[in-house]
Structures are given as structure tokens and as C-alpha cells.
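Visitor: I should like to go through this model with you. Please take my questions one topic at a time.

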Amino acid sequence: MLFRSDISDVAGGSPGQMEAFRPNPLRNVVINELLAHTENSNVLDFVELYNHSNQTNDLSGGILTDDPATNKFIFPPGSVIPPSGFVALNQSQLGFGLSASGETVYFILPDRSRILDAVQFEAQADGVSFGRWPDGANAFYPLAARTPGAKNSPILIRDIVINELMYDPISGNDNDQYVELYNQGTNAVNLANWRFTSGITFTFPAVTIAPNGYLVVARNATNLFAKYPNLNAANTVGNYGGKLSHNGERVALAMPQSLNGTNTIYVVDDEVTYGTGGRWGQWSSAGGSSLELIDPRANHRLAANWADSDETQKSSWTNIETTAVLDNGADYTSWIGYAQIGLLDAGECLVDNIEVRAGTAGPNLVSNPDFEGGLANWSLQGCFTRSSLENTGYGSSHSLHIRCSDRIWTGDNSCQVALYPNSLGWGQTATLRFKARWLHGWPEALLRLNGNWLEATGPLPVPSNLGTPGLPHSSRV
């Protein structure tokens, strides 16, 4: 994890006040790469600075240190860094080494009036440098190669990756949570004594992931075995401690490494700080999907590389209907002219064979009830405007794919159809009936008559085997 302070006041006063009175071009110079763990005596720790401005900056008197109270290294007079240039100093030149188990490195103004940059890092892998990608950017990553004094190499993506998260199950039962790992390498990896160091707690037993293999870490393994036939004791471990946050958090998987042959440190192998909203998957947040990694070779920390699992082929059609007397509506003097259908909250479903009948066996007053005539006679309104014709149906070729971004609302948010002829009114018995199949999100559909005379509503079956734990992803590229 990176914690930066671009313009931190050391002596006192607010950063804004200090900036107003003491502008300094050195604020364009940042700590860009560092190496903190070197078991090989021929490789030295180093700290690299990068100038992301278009002018040469004078480093004279600038301070590099891992103790803000001590000026461990001071740049000598005449030290400069060119535009888009680098300056790298190794342990011998700095006069101090970095802690492999993690610490903070500071770059401070010569008069100590403020900290220009600070990088806090966790335990580091032997011989692997840690740097910004790309040069000068906010985010720090383990790098594929050490490049002191030169442009940073691409980020290092190791073989074992966090591949899938079920963090907010639609069931509301957190025992349905899981984390899936994937081995994208060509060698089997034994995870003995690996552990999660953020998000959840779990230390792995001696379990091996084969190349192109999966391992599921369950919050409740017994619960998952009952829902996913492909999971068993060979590809699933658990139970982990804590739970994944429904609102997003950092999840980090760490591997043990030896430090100086005597101690063990835990180096983050892979991590993701997932979120809700924005570019993060919509339906993985209590909408029925898991959060799947699209491409394990790409940057796992970017939202664009994650997607909702595709659950649209798992559910089944269900029948929802009601029969009742029309005795309590909005207008006793007029005929009922419209019916509306939708979902009770944000989600998606298929609906077909829409029926509105007088009594139980009267003619269907809905024209084009099975959508074989396309969307003729249907009006898609409000938050349902993205609904569309689907080329599959309940025993037919078409259905209505309802897409609801809010919830059904009288007259405004609905998929509406005119009833013909207008033959329903006060005191009659009527039947409402339709077929529906859940796709995403809220699993309750509703068919109603305008004027609040009658409605048919019910739950849509939601499958229990949601996501793809232990299997190739539905969204994988």
C-alpha cells in the first residue's frame, strides 16, 4: 500500500498556506522506485527520484531518509535532476539501507519546512523493486525488473492471482462468500503457510495449485459443497475468518519469504481493492453475480479488468398469477385501460405470456402477449426504457427483457400495454398471469392494472450456484 504526502508541512501551518508563501519546483520530484530486500550481497538497496516536470530541478540540500527526525542523506551542492530525468542512489551512497519488512521513505525540503514526498511500503520480496507505474503516477507496484536511474519496467504479475470474489451474496447469507485463486503459471505452487493479510484472515495448509488450476477459499466450506457440485476437499479450503465487506475493501494474499535466513516476512503476492459503483460490476453487489477477473495477465488492481459473472442461463421460468374482485381502485366510473409490468427494484428479468382476463377464462385483453409481434402495443417508460425484445421466450421465440434501474412506479416507471377492449371495471373478477425468469438483481416481478385495482407479484427463482468458483470464468478474455 502507498501513502503519499506531496506537500506536507513539517514545521507547522496548513499545506495551503505554506504553498502560497513558499512555492518550490522540487514538488515535481517524487520517489519513483525503491529496492528494500536484498539477500544477495552483490545487490544493494536503492532509492530513485523522478522529475515529472519540464525543467531541471536543483536537489542541493534535499533530504532522503527513513526517519523524519534524522537527515540521513543530504544531496551535496550542485546536485540536479533533468526534465523527465532520474536520480538513483544505492545503499552505499545513501549511508543507510531500507527495511525489508516495510517502513516509510521521505524526501524533505532542505530547510525541513515540508515533506515533498513520502512512500510507505509493506514487506518486500527479495530482489524485487517497488515503483510507480507509469513513472510519476500515483500507484506503486512490484516491478518486473529493477531499473535504477531509468524508466520503470512493467508491473510484476505473479502466477497465483486473486481471481474471483463473491463478496455480497444475493441470498443475504455471508456463508455464501468465497475467494477464488488461480494459477496462471506453468508450474504447480504449494501454498503452505501463505495467508491473507487484508480483508479476511486465513493461513493456508499444505495445498498445491496445479498450472491452470483453481483453489476456492470458503467462508463456510460445508455450505459451498452443498451448492456447487464441482467443489470438494481437493479444490476448496476454509473456513476463513472475518468476512468480505459488502461496500468494498482491500484483499491481499501474501506469501512467506525468508529474511536474513532467520526471520519470515509476508510479501503481498496479489491484491485488489474492489469497490461498488463506477466501473466495478453492478450485479456483484448483492445482485446475484460474483466479481470475476477478466484477464489474469492484466493489472488486477484496475476496475476495468473485473466484471460481473454471467448468471443469465441458470434460472428457470416461473408462473405468477392472481384472481380477485376489482373493488378498490382509483376511479369507479371508468374502464381500466392499461396494465403495467416491472420489477420491485433494480434488476433484469424476462417476461412472457402476459395475461389480463375477465374472470378466470375470459379472453386475454393483452394484444401481443407473447411478443411474437415484437414490441407492438407496448410502451417502455422511465427507468424501464432500456428494456428490449429478447430472442428467446417461454416455449416461444421471443420475450420481453426487462431492464429496471430503479423500481416499478405507477404510470411512470413501467412496461405498459393497452388493454383491448376496455372491458374491465369495478365489481368484476379478473385474473392476472405471466411467466418470468430472473437474470440479475431484485428477484420480484409485478403485473398490475392501472388505478391500483389489482396486482400479481411473486418471487423469481434464484439459483444457488452463483458465480464460477473452481471453474473458468464466464467473463474471461
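The questions and answers below concern this predicted model.

Visitor: Which two strands stand at the edges of the open sheet of five strands?
Guide: The sheet is open and antiparallel, with the order E28-E31-E26-E33-E34. Two of its strands have a single partner strand each, so one side of each is left without a neighbour in the sheet. These edge strands are E28 (378-381) and E34 (455-459).

Visitor: What is the average twist from one strand to the next?
Guide: The strands in question are those of the open sheet with the order E28-E31-E26-E33-E34. From one strand to the next, the twist averages 15 degrees.

Visitor: Within that sheet, which residue of E31 is the bridge partner of Gln340?
Guide: Strand E26 covers residues 338-343 and strand E31 covers residues 414-418; the two pair in the antiparallel sense over four bridges. For Gln340, the bridge partner in E31 is Gln416.

Visitor: Why is strand E27 described as largely enclosed by the rest of the structure?
Guide: Strand E27 spans residues 347-358, which makes twelve residues to consider. A residue counts as buried when its relative accessible area is under 20%. The strand is largely enclosed because the number of its residues that are buried is nine of the twelve.

Visitor: How many bridges join E27 to strand E32?
Guide: E27 runs antiparallel to strand E30 (residues 399-404), with five bridges between them; there, Val351 has Leu400 as its bridge partner. E27 also runs antiparallel to strand E32 (residues 429-441), where Asp352 has Lys435 as its bridge partner. The number of bridges joining E27 to E32 is ten.

Visitor: Is Asn353 buried or partly exposed, and what is its relative accessible area?
Guide: Asn353 is found in strand E27, and its phi is near 50 degrees, a positive value in a residue other than glycine. Most residues other than glycine have a negative phi. The buried class ends at 20% and the exposed class begins over 50%. Asn353 is therefore partly exposed, with a relative accessible area of 24%.

Visitor: Is Asn368 buried or exposed, and what is its relative accessible area?
Guide: Asn368 is found in the loop between E27 and E28. Its phi is near 60 degrees, a positive value in a residue other than glycine. Asn368 is buried, with a relative accessible area of 12%.

Visitor: Which residue offers its backbone nitrogen to the side chain of Ser309?
Guide: Ser309 lies in the loop between strand E24 (306-308) and strand E25 (318-325), and it is buried, with a relative accessible area of 1%. Leaving aside neighbours within four places in sequence, Ser309 is in contact with Ser289, Ser290, Glu292, Gly467 and Ser474. At 2.9 Å, its side chain reaches the backbone nitrogen of Ser290.

Visitor: With which side chain does the side chain of Ser475 make a polar contact?
Guide: Ser475 is found in the segment after E34 and is buried, with a relative accessible area of 16%. Beyond its neighbours within four places in sequence, Ser475 is in contact with Glu292, Ile294, Ala307 and Asp308. The polar contact, at 2.6 Å, is with the side chain of Glu292.

Visitor: Which strand supplies the largest share of the lining of the largest pocket?
Guide: The largest pocket has a volume of about 350 Å³. Of the 24 residues lining this pocket, the closest to its centre are Tyr141, Pro142, Val268, Glu271 and Arg301. Strand E12 (140-142) and strand E22 (263-273) each supply at least two lining residues. The largest share, five residues, comes from E22.

Visitor: How much space lies in the largest cavity?
Guide: A search of the whole structure finds one cavity of 30 Å³ or more. The residues that line the largest cavity are Asn163, Tyr182, Tyr214, Leu293, Pro472, His473 and Arg476. The space in the largest cavity is about 30 Å³.

Visitor: Which residue is joined to Pro421 by a cis peptide bond?
Guide: Most peptide bonds are trans. A cis peptide bond joins Trp133 and Pro134, with omega about -10 degrees; Pro134 is placed in the loop between strand E11 (130-132) and E12. Pro421 lies in the loop between E31 and E32. Its cis bond, with omega about -10 degrees, is to Tyr420.

Technical notes. Residues are numbered from 1 along each chain as its sequence is written. This is a predicted model: local features need pLDDT of at least 70, side-chain atom pairs count only at pLDDT 80 or more; totals for chains, interfaces and linings use all residues. Side-chain values use heavy atoms; hydrogens and water are left out. Two strands pair if DSSP finds at least two bridges between them. Axes are lines fitted to C-alpha atoms, for helices over the stretch in contact, and angles run from 0 to 180 degrees between N-to-C directions. Buried means under 20% relative accessible area, exposed over 50%, partly exposed in between (1.4 Å probe, protein chains only). A polar contact is a pair of N or O atoms within 3.5 Å; within protein, one must be able to donate a hydrogen and the other to accept it, and residues adjacent in sequence count only if both atoms are side-chain atoms. Contact means heavy atoms within 4.5 Å. On a 1 Å grid over the protein atoms alone, a cavity is a set of points where a 1.4 Å probe fits but cannot get out, and a pocket is an open set with protein on both sides within 12 Å along at least five of seven lines; lining residues have an atom within 4 Å of a point. Grid points are joined across faces, edges and corners, and a volume is the space filled by probe spheres set on the points.
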